[in-house]
Amino acid sequence: RTRLRLTNAEIFDLCLTAYRACQLQMQGRPAATSAGGFRARRTYGNAGAEFCADFRRTAEQVIAKQPSSRGRLKLWTAYYVENHRFKEARIRVGVSPSTSAFWLKEIAWHTGAALRKRRIKPPGGYFFWLIQGDHQ
């Protein structure tokens with residue numbers, strides 16, 4: 001069996017998708033309609049809450065170590081956590097589109113690397129019943 005090697009950005013994207021699905025489900029909304037192809041067979045429960053906390057804490061720790069960390073943290077919160085559109089998020093932070101795009105790519109890459117190092121990638125270790133939509 002061949003194992004695929006995911007890039008740091010791919011790890012980040014997978015974990016972000018699962019994070020958003022867990023957040024929706026914990027808020028009482030169905031995750032199946034908004035999780036980018038992922039659906040759950042049952043609720044995430046404590047494993048989902050632990051994953052969300054680990055994912056968010058990892059990202060915030062990574063961002064705190066980068067230059068301009070206050071702006072990057074605001075952008076992380078607005079774009080990834082609060083799910084604002086790119087334009088709304090960057091206006092909220094007050095930086096140019098190119099700076100915002102660069103910061104978001106850096107956040108994804110560095111956070112993906114930290115998730116890999118901490119073995120928080122992809123979230124199958126937290127909830128094995130998470131399955132890829134129609135891609136099987």
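Helices (H or I, at least four residues) and strands (E, at least two) are taken here as DSSP runs, numbered from the N terminus. The model on display is predicted, so local features need pLDDT of at least 70 and side-chain atom pairs count only at pLDDT 80 or more, while totals for chains, interfaces and linings use all residues. Residues are numbered from 1 along each chain as its sequence is written, and side-chain values use heavy atoms, with hydrogens and water left out.

Begin with the whole protein chain, coloured by secondary structure: five helices and two strands are present, and along the sequence they follow the pattern α-β-α-α-α-α-β. Of the 136 residues in the chain, 38% are buried, where buried means under 20% relative accessible area, exposed means over 50%, and partly exposed lies in between (1.4 Å probe, protein chains only). If contact is taken as heavy atoms within 4.5 Å, residues 24 or more positions apart account for 67% of the contacts with a separation of 6 or more.

Next, select glycine 71, which is found in helix α3 and is buried, its relative accessible area being 17%. Once neighbours within four places in sequence are set aside, glycine 71 is in contact with Val93 and Trp103. Adding arginine 90 to the selection shows a residue 19 positions from glycine 71 in sequence, with the two C-alpha atoms 9.6 Å apart in space.

Move on to arginine 72, whose side chain meets that of glutamate 106 in a salt bridge (2.3 Å, N to O); the term requires a side-chain nitrogen of Lys or Arg within 4 Å of a carboxyl oxygen of Asp or Glu. Since arginine 72 belongs to helix α3 (residues 69-81) and glutamate 106 to helix α5 (residues 97-117), the pair ties together parts that are 34 residues apart in sequence. Arginine 72 is buried, with a relative accessible area of 5%. By the same rule the count comes to four salt bridges, and two others can be visited in helix α2.

For these, select residues 45-64, the extent of helix α2. Aspartate 54 forms a salt bridge with arginine 57, the closest N and O atoms lying 2.5 Å apart, and the two residues, three apart in the helix, are separated by about one helical turn. Aspartate 54 counts as buried at 19% relative accessibility, whereas arginine 57 is partly exposed at 42%. Within the same helix, arginine 56 and glutamate 60 are four residues apart, about one turn, and their side chains meet in a salt bridge of 3.1 Å, N to O. Arginine 56 is partly exposed at 30% relative accessibility, and glutamate 60 is likewise partly exposed at 30%.

Finally, display helix α1 (residues 8-26) together with α5, which pack at an angle of about 85° with their axes 7 Å apart; axes are lines fitted to C-alpha atoms, for helices over the stretch in contact, and angles run from 0 to 180 degrees between N-to-C directions. That makes α1 roughly perpendicular to α5, a label given to angles of 65 to 115 degrees, with those under 35 roughly parallel, those over 145 roughly antiparallel and the rest oblique. On the α1 side, select Asn8, Ala9, Ile11, Phe12 and Cys15, and on the α5 side Ala108, Trp109, Thr111, Gly112, Ala113, Leu115 and Arg116, which together make the contact.
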